[in-house]
Amino acid sequence: MALIAYDSADAAAFEATRHLPDVALGTWRDAITRYLGPRPGLRLLDLGCGTGSWSRAFRSWWSDAEVVAVEPSAAMRERAVHRPVLAGSAEEIPLDDSSVDAVWLSTVIHHGPDLAAAAREVRRVVRPGAPVLIRSAFAGRHEAITLFRYFPEAIAVLNSYPSVADVEAAFAVAGFTTAGFEQVPQLTAPSLRKAAASLRREAHTPLQMISDEAYAAGVVRLRKAAETETGPVVDALDLLVLR
């Protein structure tokens, strides 16, 4: 399923550095709730859940909801902070037809080898009118993400991802229409110095896919900037909602 075959080192780096702090989750909770309408008995699919941080957040926010986590990488499943996690992918979801009330995909849409097949499979498992919430960095939309300021070569990697229009088109064929699109700010790190100190290449697909020389040059730029820049690191990712 992935641009990268996640191994144990990748999963460990992801768990250590890619889980948003609790203080950063509030903006995402507000945005998700605008489209989701949590209620007792809600069945929410976290598709491509990685190490499970969003599944854990959903359970803490909505204790009466059932969160179903699905992840293709065995290494990610082994390190998940939410249990259980089912083996599966966007193209092969291990659930019955019309069995979930919402689907969440966070920074995963670019990993699928067949976007059209993923859209059909999501259509199969969601109930009519259920929202599909896609949190992502889409092609052509790097400006609000700090990482790309210091690793400009990674922009080309991002631009190989599906665009918003690509995703909308693939899901339209499967019967979805766009219900919402917005940019959601998040506190990524309390300072650039902290961000530089905690950076792990294995946790970021775009950084894994640039050359070693480009990565090393980016680290130098990031550390130099961290010596003088103050204030928190606030990034923004997109939320695309389909029904």
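This passage describes the sheet, the helices packed on it and selected residues of a predicted model.

The strands form an open sheet of seven members, arranged in the order β3-β2-β1-β4-β5-β7-β6 and with mixed pairing. The edges of this sheet are taken by β3 (85-87) and β6, each of which pairs on one side only. Between neighbouring strands, the average turn amounts to 25 degrees when direction is ignored.

Within this order, the pairing of β1 with β2 is parallel and comprises five bridges, and L47 is placed opposite V70 in β2. Strand β2 is itself mostly covered, in that five of its six residues are buried. Towards the other end of the strand order, β7 (residues 233-242) is flanked by β5 and β6. Strand β5 (residues 132-136) pairs with β7 in the antiparallel sense through five bridges, and R135 has L239 of β7 as its bridge partner. On the other pairing of β7, strand β6 (residues 178-189) is likewise antiparallel and is joined to β7 by ten bridges; here P185 faces A236 as its opposite residue in β7, while L187 stands opposite V234. Strand β7 is also mostly covered, with nine of its ten residues buried.

Helix α3 (residues 53-61) lies across β1 (43-47), β2 (66-71), β4 (102-106) and β5, and its direction makes an angle of about 180 degrees with that of β2. An angle over 145 degrees counts as roughly antiparallel, so the value of about 180 degrees places α3 in that class relative to β2. The buried residues of this helix are S53, W54, S55, A57, F58 and W61, and their packing partners comprise helix α2 (26-36) together with β1, β2, β4 and β5.

Among the buried residues of α3, F58 may be considered individually. Its relative accessible area is 1%, and because the limit for a buried residue is 20%, F58 falls under that cut-off. When neighbours within four places in sequence are left aside, the contacts of F58 are with I32, L44, V67 and W104. Of these, I32 lies within the residue range of α2 (26-36), whereas L44, V67 and W104 fall within the ranges of β1, β2 and β4, respectively. With respect to a position remote in the chain, F58 and T230 are 172 residues apart in sequence, and their C-alpha atoms are 32 Å apart in space.

A further helix with buried residues is α1 (residues 8-17), in which D10, A11, A12, A13 and F14 are buried. The buried residues of α1 pack against α4 (74-78) and α10 (205-208).

A helix-to-helix contact is formed by α5 (residues 115-125) and α8 (residues 164-173), whose axes come within 8 Å and cross at roughly 50 degrees. Because of this angle, α5 is oblique to α8, and the crossing in which α5 passes α8 is right-handed. The residues that meet are L115, A116, A119 and V122 on the side of α5, and D166, V167, A170 and F171 on the side of α8. Classified by residue type, this contact holds seven nonpolar residues, no polar residues and one charged residue; since Asp counts as charged, the charged residue is D166.

Two residues located in loops complete the description. The loop between α7 (154-158) and α8 contains S163, which counts as buried at a relative accessibility of 18%. Apart from neighbours within four places in sequence, S163 is in contact with F138 and A139. In the loop between β3 and β4, by contrast, the residue E92 counts as exposed, with a relative accessibility of 62%. Residues E92 and R149 are 57 residues apart along the chain, and a distance of 36 Å separates their C-alpha atoms.

Definitions and conventions:
Residues are numbered from 1 along each chain as its sequence is written. This is a predicted model: local features need pLDDT of at least 70, side-chain atom pairs count only at pLDDT 80 or more; totals for chains, interfaces and linings use all residues. Side-chain values use heavy atoms; hydrogens and water are left out. Axes are lines fitted to C-alpha atoms, for helices over the stretch in contact, and angles run from 0 to 180 degrees between N-to-C directions. Helices (H or I, at least four residues) and strands (E, at least two) are DSSP runs, numbered from the N terminus. Angles under 35 degrees count as roughly parallel, over 145 as roughly antiparallel, 65 to 115 as roughly perpendicular and the rest as oblique. A crossing is left-handed if the near helix is turned anticlockwise from the far one by less than a right angle, and right-handed if clockwise. Contact means heavy atoms within 4.5 Å. Buried means under 20% relative accessible area, exposed over 50%, partly exposed in between (1.4 Å probe, protein chains only). Two strands pair if DSSP finds at least two bridges between them.
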